[in-house]
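Here is a friendly walk through one protein model, with a look at its packing and at two histidines. Please keep the sequence and the 3D view at hand as you read.

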Amino acid sequence: MHEYSLAHALLEGLTEHLGRHPVQGRVKAVHIRKGELLILSEEALAEAWRILTEGTPVAGSELRIEKVPVQIRCPACGYEGPARYVSDEGWHFTVPVLACPRCGGRTEVVAGRDLAIVGLTVDEGGPPGGEGAPPVPPG
C-alpha cells in the first residue's frame, strides 16, 4: 500500500502542475525518476497509478520509471561519486554500501532516494486531458 500513497502524491502534484500549466493533447506517459534506495514495487506503483488516474486528466497514461543510482559524498576525504556494491548471487541481491570507497568513512547520500516527476509525453493529436477525462481546471 506504500505504492498507492506514493502514486497518490505523484498524481496530486501532477494535477496541480497541469492546473497551472495545461498541456494541449493527451498525456501518454509520465516520466519519473526513482532513487535506488527507495524501496517499492514498480508493478504495484504502476497499478496504483492506473487505478488512481481513472477519470482524471491523465487517465490512460503510463508511468515510465528511470532508476537513479546511489551517489555518495564523504565529508572526511571529499570523495563524491557512485557507491560500492555488495552482491551475492546465491541470495539474489545487490546492495549499495554507504561507506566511502576511498577511506571507509561515513558518507552522505546525495542522490538515489527520491521519487520525482521529470517529464511528460503528450500526444498533441489526442483530446486534451485524455479520453473520457474531465478537462484540466485553469490555473
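The notes below cover the nonpolar cores and then the two histidines.

Keep in mind that this is a predicted model. A good place to begin is the largest nonpolar core, which has 17 residues. Within this core, the residues that touch the most other members are Leu14, Val30, Ile32, Leu45, Trp49, Val58 and Leu63. Helix H1, strand E1 (26–35) and helix H2 (42–53) each supply at least two residues of the core, and H1 gives the largest share, with 6 residues. If you centre your view on Leu14, you will find contacts with Val30, Trp49, Val58, Ile117 and Leu120, leaving aside neighbours within four places in sequence. A second, separate core has 6 residues, among them Val70, Ile72, Ala83 and Cys100.

Now to the histidines, set side by side here.

| Residue | Location | Relative accessibility |
|---|---|---|
| His2 | helix H1 (residues 2–20) | 40%, partly exposed |
| His92 | loop between strand E5 (84–88) and strand E6 (93–97) | 72%, exposed |

His2 is listed by UniProt under "binding site", in an unreviewed entry. Not counting residues up to four places away in sequence, His2 touches Leu38, Ile39 and Leu40. At 40%, His2 lies between the 20% and 50% cut-offs, so it counts as partly exposed.

His92 deserves a look at its backbone: its phi is near 60°, a positive value in a residue other than glycine. Most residues other than glycine have a negative phi. His92 counts as exposed because its relative accessibility, 72%, is over 50%.

Key:
Residues are numbered from 1 along each chain as its sequence is written. This is a predicted model: local features need pLDDT of at least 70, side-chain atom pairs count only at pLDDT 80 or more; totals for chains, interfaces and linings use all residues. Side-chain values use heavy atoms; hydrogens and water are left out. UniProt positions are given in the numbering used here, feature names are shortened, and annotations may be inferred rather than shown by experiment. Helices (H or I, at least four residues) and strands (E, at least two) are DSSP runs, numbered from the N terminus. Buried means under 20% relative accessible area, exposed over 50%, partly exposed in between (1.4 Å probe, protein chains only). Contact means heavy atoms within 4.5 Å. A nonpolar core is a set of buried Ala, Val, Leu, Ile, Met, Phe, Trp, Tyr and Cys residues joined through side-chain atoms within 4.5 Å.
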